[in-house]
Amino acid sequence: MSGEDLPITDVRGGGGGTKAKLQDLEELAGVFDRSGDTFREAVPDVARVMVNGDLLASAILSPLTFARVEEEVATATAELGVRGLGAETDAFLIRVTADAYRLSDQMATEIFDKVDYLIGFGLGASLPFLAVGGTMGVLALAASNPALAAFLATHPEARAALAKGGSEALQGFLEDHPELVEHMVNGGGGLMDGLLFDARMAPGGSGLLDALGIDPVHGSTSEAAKELARLFTDGEPEVGAPSVDKLAPGPPESIEDLMSDMKYTNAKPEAGTIDVKTVTSTGPDGEPVTRYIVDIPGTKSWALPGQQDGTAPDLGSNLRLMGGQDTVYARGIEQAMDAAGVPKGAHVMLVGHSQGGMTASALAQDAGFDYNVDYVVTAGAPIAGADYGGGTTALSLENQGDLVPRLDGASNPDNPNHTTVTFDGRTGSIGGNHDMGQYVGGGAAVDRSSDPGLTQLRNQMGEDGYLGAAKSETRQIAIHRQQ
């Protein structure tokens, strides 16, 4: 599927998201509240007409007219009171509706978290049976995941392929059902606890795990990731000298260009190399406006503990990010920006693919990061736990068949300042779905979209000087872990 025909399947969050609409409801409730106050405050003024001296004096001259006026004033007074009460009742009901939605959403999330934990625990505890392979392995796997079991029950060809170890069938299944991966990953804490349960049941296992300081309970995937991250070395960053990249693309004009630039940076041969692009445009007052776009590539090494080298964006950094911890890669990026001449407090956009997107998101939420992050743009990054401040706007692109954005076990939040665009760029390959080439096509789909929220976001990026700048200069800086 080419980049020109990738359809958008979902737009979540942003100005048109549910939480933005809930905020609109609360603002509407405020309008009703103020209207109710206005009506109630007017009641005494209207009621005082009934005891107006001139009106009372007219009763002798025209008793019938006086009676009609008194009746109409009394009716108007009562109607104002009723309208005021009605407006305040409407405000109350609107707020109750918004709160009920939030509560039901929170309860559903908590229920899924508990169910996913139990499923993960079952899978972890049954892994010895999975090792048997063949039909027994399939039965154990299906028993650990009801959704997968339902699929296998209705697709005999998938059962046969899995029983034979058919990786192609499994890959196609996961591509078409990425939500199952999300739930399985969300049970990561249970998975680890299930494995530890088996280990503790083994002779001497309990004492060994206690001696290693391994907690027997991990309530979430984040806690499990933090436990695993202890096995890896984080270390200190080593930042190379910045150099001007004369072959780098010019200033970006669109979301597609942002993705193309990210693809260009991602393909650089030296692992851990980021690009810092200085973009200059002319502001409304005719003065130059300088902004900085930082392109952050993803994981470059999957080395296991004891095999790590100087690559900063590695598996250990992934686990630390999932556990909500600082990384050598993130610290190196801040030092690299400083070395590239980005002044403290400058306005920046952080663009990242995969682990690069996780790192960009973490930096934007770090109160100690010495730059004003106006935008975070991520491609294929698991950042469901992101909670940006009011000054940061996020755009996340996710390929429907890409499993990596699911690896934090949840969907991105439906927040007014965080828009997630899902597009259908399935290639039949898990690796191909995560490739930056597909995200270039996804960026083009965002550019073509007439969705009001996406249109507003594109326009705002242009007004803020990140898109459509007159000129740019790119500096590349390599970040390594000190050996």
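How many helices and how many strands are there in the protein chain? Let's begin with that and work through this predicted model together.

**Exercise 1. Take stock of the whole chain.**

Task: Count the helices and strands, then find what share of the residues is buried.

Solution:
- Step 1. The protein chain holds 18 helices and 10 strands.
- Step 2. Of its 483 residues, 44% are buried.
- Step 3. Now turn to contacts with a separation of 6 or more: 74% of them join residues 24 or more positions apart.

**Exercise 2. Describe how α12 and α17 pack.**

Task: Find α12 (residues 255–266) and α17 (residues 436–448), and work out how their axes are oriented.

Solution:
- Step 1. The two axes come within 7 Å and cross at roughly 165 degrees.
- Step 2. An angle over 145 degrees counts as roughly antiparallel, so α12 and α17 are roughly antiparallel to each other.
- Step 3. Their crossing is right-handed.
- Step 4. On the α12 side, the residues that meet α17 are Ile255, Glu256, Met259, Ser260, Met262, Lys263 and Asn266. Their partners in α17 are Met436, Gly437, Tyr439, Val440, Gly443, Ala444, Val446 and Asp447.
- Step 5. Sorted by type, the residues of this contact are eight nonpolar, four polar and three charged.

**Exercise 3. Do the same for α13 and α15.**

Task: Characterise the packing of α13 (residues 315–322) against α15.

Solution:
- Step 1. The axes lie 10 Å apart, at an angle of about 40 degrees.
- Step 2. That angle makes α13 oblique to α15.
- Step 3. Here the crossing is left-handed.
- Step 4. Ser317, Asn318, Leu321 and Met322 of α13 meet Gln355, Met358, Thr359 and Ala362 of α15.
- Step 5. This contact divides into four nonpolar residues, four polar and no charged.

**Exercise 4. Look at α15 and the loop before it.**

Task: Decide whether α15 is mostly covered or mostly open, and name what covers its buried residues.

Solution:
- Step 1. Nine of the 11 residues of α15 are buried, which leaves this helix mostly covered.
- Step 2. Those buried residues are Gln355, Gly356, Gly357, Met358, Thr359, Ala360, Ser361, Leu363 and Ala364.
- Step 3. Their cover includes β5, α13, α14, β6 and β7.
- Step 4. Ser354 sits in the loop between β6 and α15. Its phi is near 60 degrees, a positive value in a residue other than glycine.
- Step 5. Is Ser354 buried or exposed? The cut-off for buried is under 20% relative accessible area, and Ser354 has 10% relative accessibility, so Ser354 counts as buried.

**Exercise 5. Explore the nonpolar cores.**

Task: Find the largest nonpolar core, see which elements supply its residues, and then follow the contacts of Leu350.

Solution:
- Step 1. As background, nonpolar side chains tend to be buried together in soluble globular proteins.
- Step 2. The largest nonpolar core has 33 residues. Those with the most contacts inside it are Ile274, Val276, Ile333, Met337, Val342, Val348 and Leu350.
- Step 3. At least two residues of this core come from each of β4 (273–282), β5 (288–296), α14 (328–339), β6 (347–353), α15 (355–365), β7 (372–379) and β10 (471–481).
- Step 4. α14 gives the largest share, six residues.
- Step 5. Setting aside neighbours within four places in sequence, Leu350 is in contact with Val294, Ala360, Leu363, Ala364, Phe369, Val373, Tyr375, Val376 and Val377.
- Step 6. There is also a second, separate core of 26 residues, which includes Val377, Ala379, Leu457 and Ala469.

Conventions. Residues numbered from 1 in each chain as written. Predicted model: local features only at pLDDT ≥ 70, side-chain atom pairs only at ≥ 80, totals over all residues. Heavy atoms only, no water. Axes fitted to C-alpha atoms, helices over the stretch in contact; angles between N-to-C directions. Helix = DSSP H or I, 4+ residues; strand = E, 2+ residues; numbered from the N terminus. Parallel < 35°, antiparallel > 145°, perpendicular 65-115°, else oblique. Left-handed = near helix turned anticlockwise from the far one by under 90°. Contact = heavy atoms within 4.5 Å. Nonpolar A, V, L, I, M, F, W, Y, C, P; charged D, E, K, R; others polar. Core = buried A, V, L, I, M, F, W, Y, C linked by side-chain atoms within 4.5 Å. Buried < 20%, exposed > 50% of the residue type's maximum accessible area, 1.4 Å probe, protein only.
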